[in-house]
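Student: Could you pick one stretch of this model and take me through it slowly? I'd like to see how it connects to what's around it.

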Amino acid sequence: MTVLPVLRMGHPVLLSVAEPVGLPIGPEIRELAQDMVETMHAEEGIGIAAPQVGRSLRLIVVLPLSERGSQPEVAPLIIVDPELEPLGEQVEEATEGCLSIPGLRGEVPRFVRVRWSGRDLDGAAIGGEAQGLFARVLQHEVDHLDGILYPMRMDNLRSLAFVDAMPPDPEENEP
Ligand code: NI
C-alpha cells in the first residue's frame with residue numbers, strides 16, 4: 001500500500017464530477033482503494049474520496065464513527081459508486097475540515113440521517129442507514145465526487161477559520 005499525495009483546493013480535479021467505477025471492479029480499483037485507506041490513516045482523516053488523490057472516480061473510504069474520537073479501531077468502509085438519500089428533513093450544523101483544505105474548519109449543515117448504498121470491492125451491493133458523524137462524513141465524501149467542497153455548503157462563511165487561530169478545542173480529525 002502507498003500513501004498518495006492529497007490534492008488541495010484549487011486543483012481542477014476537486015471541482016470535477018467523477019466518473020462511475022461500474023462493473024467489473026478491477027485490481028487497479030482495489031489497489032486504489034487500499035492506497036486511499038493508507039492515505040486517510042497517514043493524514044489522520046476520517047474519510048477520503050478518490051478525486052482527492054487525483055482519480056476522478058466515484059470511490060470513497062469512510063470511517064463509520066458515531067462521534068468524533070470514538071472507536072479508533074473501527075474498520076474503514078470502502079464504497080464504490082456510492083449513492084445517498086436523506087432520511088427525513090432534519091439538518092444540523094457541525095464543524096468540518098477537509099484533507100484538501102488543510103488548517104481550516106467551518107460549520108456545515110448536513111442531513112442528520114441518510115440511507116447509503118453502493119458496492120464493495122467484490123462488486124456486491126452494500127448499503128445501510130447512517131446518522132450523526134457517519135452520515136456527515138458520507139455526505140462530505142460524496143460531495144467530493146460531485147466537485148463540491150465543504151465551504152460551498154456553508155450557510156455562514158463567518159465560521160470558516162484557521163484551526164490554529166481558534167480558541168483551544170478537543171482534538172478533531174479531518175474528513
Ligand atoms: Ni474532504
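Tutor: Let's start at the end of helix 1: just after that helix, Glu 44 takes a positive phi of about 55°. Keep in mind that this is a predicted model. Now step back into the helix itself. Helix 1 has 16 residues and reaches 22 Å from its first C-alpha to its last, close to the 22 Å expected at 1.5 Å a residue. Its buried residues are Ile 29, Leu 32, Ala 33, Asp 35, Met 36, Val 37, Thr 39 and Met 40. Look at the spacing of those numbers with this in mind: an α-helix has 3.6 residues a turn, so residues three or four places apart point the same way.

What sits over those buried residues? The cover includes strand 1, strand 2 and strand 3. These strands belong to an open sheet of 5 strands, in the order 1-2-3-6-7, with antiparallel pairing. Strand 1 and strand 7 are at the edges with a single partner strand each, so one side of each has no neighbour in the sheet. From one strand to the next, the twist averages 40°.

You can follow the pairing through the sheet. Strand 3 and strand 6 run antiparallel and are joined by 5 bridges, and Glu 85 stands opposite Arg 115 in strand 6. Strand 6 also pairs with strand 7 (residues 125-131), in the antiparallel sense, over 7 bridges; here Arg 119 stands opposite Ala 125 in strand 7. The hairpin of strand 6 and strand 7 has 5 residues between the strands, and Gly 123 takes a positive phi near 90° in that hairpin.

Back to our helix: helix 1 lies across strand 1, strand 2 and strand 3, running at about 35° to strand 2. Helix 2 packs on the sheet too, touching strand 1, strand 2, strand 3, strand 6 and strand 7, and its direction makes about 155° with that of strand 2.

With the helices and sheet in place, look at the inside. The largest nonpolar core has 39 residues, and those with the most contacts inside it are Leu 32, Met 36, Leu 59, Ile 60 and Leu 138. Two of those names, Leu 32 and Met 36, you've already met among the buried residues of helix 1. The elements that give two or more residues to this core are helix 1 (27-42), strand 1 (47-49), strand 2 (59-62), strand 3 (77-86), strand 6 (113-119) and helix 2. Helix 2 supplies the largest share, 7 residues. Set apart from this core is another one, of 10 residues, among them Leu 7, Val 13, Ile 101 and Leu 149.

For a close-up of the big core, click on Leu 138. Leaving aside neighbours within four places in sequence, Leu 138 is in contact with Ile 60, Val 62, Ile 79, Leu 84, Val 114, Trp 116 and Ala 130.

Helix 2 is worth a look of its own. At 1.5 Å a residue its 14 residues should span 20 Å, and the end C-alpha atoms are 21 Å apart, which agrees. It is mostly covered, with 13 of the 14 residues buried. Besides the sheet we've been on, helix 2 lies across strand 4 and strand 5, running at about 105° to strand 5. Those two belong to an open sheet of 3 strands, ordered 4-5-8, with antiparallel pairing. Its edge strands are strand 4 (91-96) and strand 8 (161-162), each pairing on one side only. After helix 2 comes Gly 147, whose phi is positive, near 75°.

Finally, the metal. The nickel ion is coordinated by Cys 98 (SG), His 140 (NE2) and His 144 (NE2), at 2.1 to 2.2 Å. Along the chain, the donors follow the spacing C-x41-H-x3-H. The x3 part falls inside helix 2 (residues 132-145), where His 140 and His 144 lie 4 residues apart, about one turn of the helix. Both histidines are buried; His 144 has a relative accessible area of 1%. Not counting residues up to four places away in sequence, His 144 touches Ser 16, Ala 49, Pro 51, Gln 52, Cys 98 and Leu 149. Two of those tie back to earlier stops: Cys 98 is one of the nickel donors, and Leu 149 is one of the residues in the 10-residue core.

Note on methods:
Residues are numbered from 1 along each chain as its sequence is written. This is a predicted model: local features need pLDDT of at least 70, side-chain atom pairs count only at pLDDT 80 or more; totals for chains, interfaces and linings use all residues. Side-chain values use heavy atoms; hydrogens and water are left out. Donors are N, O and S atoms within 2.8 Å of the metal (3.2 Å for Na, K and Ca); water is not among the atoms, so sites may look incomplete. Buried means under 20% relative accessible area, exposed over 50%, partly exposed in between (1.4 Å probe, protein chains only). A nonpolar core is a set of buried Ala, Val, Leu, Ile, Met, Phe, Trp, Tyr and Cys residues joined through side-chain atoms within 4.5 Å. Contact means heavy atoms within 4.5 Å. Two strands pair if DSSP finds at least two bridges between them. Axes are lines fitted to C-alpha atoms, for helices over the stretch in contact, and angles run from 0 to 180 degrees between N-to-C directions. The expected span of a helix is 1.5 Å times one less than its number of residues.
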